[in-house]
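Let's take a walk through this protein together, one piece at a time. Have the sequence and the 3D view ready.

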Amino acid sequence: MRVLFILVIVLAGAFAYGEGVAPLVFQKRGDGARAVILVPGLDCGASVWEATAKALEGEYLVYTVTLAGFDGVPPIQAPY
């Protein structure tokens, strides 16, 4: 339930930027009962979590996050 609450808050913030603009991109893997959210550092995208996500997806529901402007996700335009 906590994960759902966190995702709702983050997604609400993401959609506050306007239609068609997403400062965050989420990818979902696995189907476990417990969730793990993997957030990269500010200089890379979710691809840094590839090996970890693959190892966890058999037992957990894994979400990876990529910020706009990284890993092929288009950057958001100013004003932020």
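**A walk from the core outwards**

Start on the inside: the largest nonpolar core is a set of five residues, V36, L38, A53, Y60 and V62. Keep in mind as you look around that this is a predicted model. As a bit of background, nonpolar side chains in soluble globular proteins tend to be buried together.

Two of those core residues, V36 and L38, sit on the covered face of strand 2, while A35 and I37 are on its uncovered face. If you're curious about that back-and-forth pattern, side chains in a regular strand alternate between the two faces of the sheet. Now zoom in on L38. Leaving out neighbours within four places in sequence, L38 is in contact with W49, T52, A53, V62, Y63, T64 and V65.

So how does strand 2 fit into the sheet? The sheet is an open one built from three strands in the order 1-3-2, with mixed pairing. Its edge strands are strand 1 (24-29) and strand 2 (35-38), each of which pairs on one side only. On average, neighbouring strands here are turned by 20 degrees against each other, ignoring direction.

The mixed pairing is easy to follow if you take the two pairs in turn. Strand 1 runs antiparallel to strand 3, and the two pair over six bridges. Look for K28 here, whose bridge partner in strand 3 is Y63. Strand 2 and strand 3, on the other hand, pair in the parallel sense over four bridges. In this pair, A35 stands opposite L61 of strand 3.

What links up with strands 2 and 3 to make a β-α-β unit? That would be helix 2 (residues 50-56), and the unit it makes with the two strands is right-handed.

Stay with strand 3 for a moment and find T64, which is part of that strand. Is T64 buried or exposed? T64 counts as buried because its relative accessibility is 3%, below the 20% cut-off. Not counting residues up to four places away in sequence, T64 touches V25, F26, Q27, L38, A46, W49 and A53. You've met L38 and A53 already, as members of the largest nonpolar core.

Finally, follow the chain past strand 3 (61-67) into the segment after it, where you'll find G72. With a relative accessibility of 77%, G72 counts as exposed, since the cut-off for that is over 50%. Before you go, find G45 too: G72 and G45 are 27 residues apart in sequence, and their C-alpha atoms are 8.5 Å apart in space.

Definitions and conventions: Residues numbered from 1 in each chain as written. Predicted model: local features only at pLDDT ≥ 70, side-chain atom pairs only at ≥ 80, totals over all residues. Heavy atoms only, no water. Buried < 20%, exposed > 50% of the residue type's maximum accessible area, 1.4 Å probe, protein only. Pairing = 2+ DSSP bridges. Axes fitted to C-alpha atoms, helices over the stretch in contact; angles between N-to-C directions. Core = buried A, V, L, I, M, F, W, Y, C linked by side-chain atoms within 4.5 Å. Contact = heavy atoms within 4.5 Å. Right-handed = clockwise from strand over helix to strand, strands pointing away.
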